[in-house]
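Here are a few short exercises to try with the structure on screen. Have a go at each one before you read its solution.

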Amino acid sequence: MTNQSFRQAANSPAGRHAAEAAKETRESVKSAAQSVTEDVGDFASDATRRMGKQYGRVRDAAVDAYDDMYDRAAANPYVTLGLAVLIGFFWGALLVGRR
C-alpha cells in the first residue's frame with residue numbers, strides 16, 4: 001500500500017513538476033561545475049606558463065650574477081682572498097662568541 005501511495009504521488013502533477021525541476025537543477029549544476037572546471041584549468045595553465053617565464057628570468061639573473069662575481073674574483077685574486085679570510089674570521093668570532 002505504501003508503494004501505491006508513492007506511485008500516485010510521483011505521477012501527480014506536483015510530482016511531475018518536482019521531477020522536472022530536479023532535472024533542470026541537476027543540469028544547471030552540472031553546467032556550472034563544467035564551467036568552473038574549465039575556468040580553473042585555464043587559470044592553472046596560465047599560472048604555469050607565467051611561472052615558467054619567471055623561473056627562466058630568475059635563472060638567467062642568477063647565472064649572470066655568478067658569472068659577474070667569478071670574473072671579478074678572477075680579476076682581483078688578492079682582494080678575493082682577503083675578503084674570504086675576513087668573512088671567515090667574523091663568522092668564527094660569531095660562532096665562538098655564542099658558546
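**Exercise 1.** Decide whether phenylalanine 89 is buried or exposed in this predicted model.

*Solution.* Start with the number: phenylalanine 89 has a relative accessible area of 56%. Exposed means over 50%, so phenylalanine 89 counts as exposed.

**Exercise 2.** Now do the same for phenylalanine 90 and valine 79.

*Solution.* Phenylalanine 90 comes in at 49% relative accessibility. The partly exposed class runs between 20% and 50%, so phenylalanine 90 is partly exposed. Valine 79 has 52%, and with the cut-off for exposed at over 50%, valine 79 is exposed. You'll find valine 79 in helix H3, which covers residues 77–97.

**Exercise 3.** Which residues make the nonpolar surface patch?

*Solution.* Val79, Phe89 and Phe90 are among them, and Leu83, Leu86 and Ile87 join in. Together they give a patch of about 650 Å².

**Exercise 4.** How many aromatic pairs does the structure hold, and how are their rings arranged?

*Solution.* There are two pairs. Take tyrosine 66 and tyrosine 70: their ring centres lie 6.4 Å apart and their planes meet at 25°. Planes under 30 degrees apart count as stacked, so this pair is stacked. Both tyrosines sit in helix H2 (residues 13–75), four residues apart, or about one turn of the helix. Tyrosine 66 and tyrosine 70 are both exposed.

Next, phenylalanine 89 and phenylalanine 90: here the centres are 5.6 Å apart, with 65° between the planes. Over 60 degrees counts as edge-to-face, and that's the arrangement of this pair.

Note on methods: Residues numbered from 1 in each chain as written. Predicted model: local features only at pLDDT ≥ 70, side-chain atom pairs only at ≥ 80, totals over all residues. Heavy atoms only, no water. Patch = residues over 30% accessible without salt bridge, like charges linked within 9 Å, V, L, I, M, F, W, Y side chains within 5 Å. Areas by Shrake-Rupley, 256 points an atom, 1.4 Å probe, with all protein chains shown as cover. Salt bridge = Lys/Arg side-chain N within 4 Å of Asp/Glu carboxyl O. Helix = DSSP H or I, 4+ residues; strand = E, 2+ residues; numbered from the N terminus. Buried < 20%, exposed > 50% of the residue type's maximum accessible area, 1.4 Å probe, protein only. Phe/Tyr/Trp six-rings, centres within 6.5 Å; stacked < 30°, edge-to-face > 60°.
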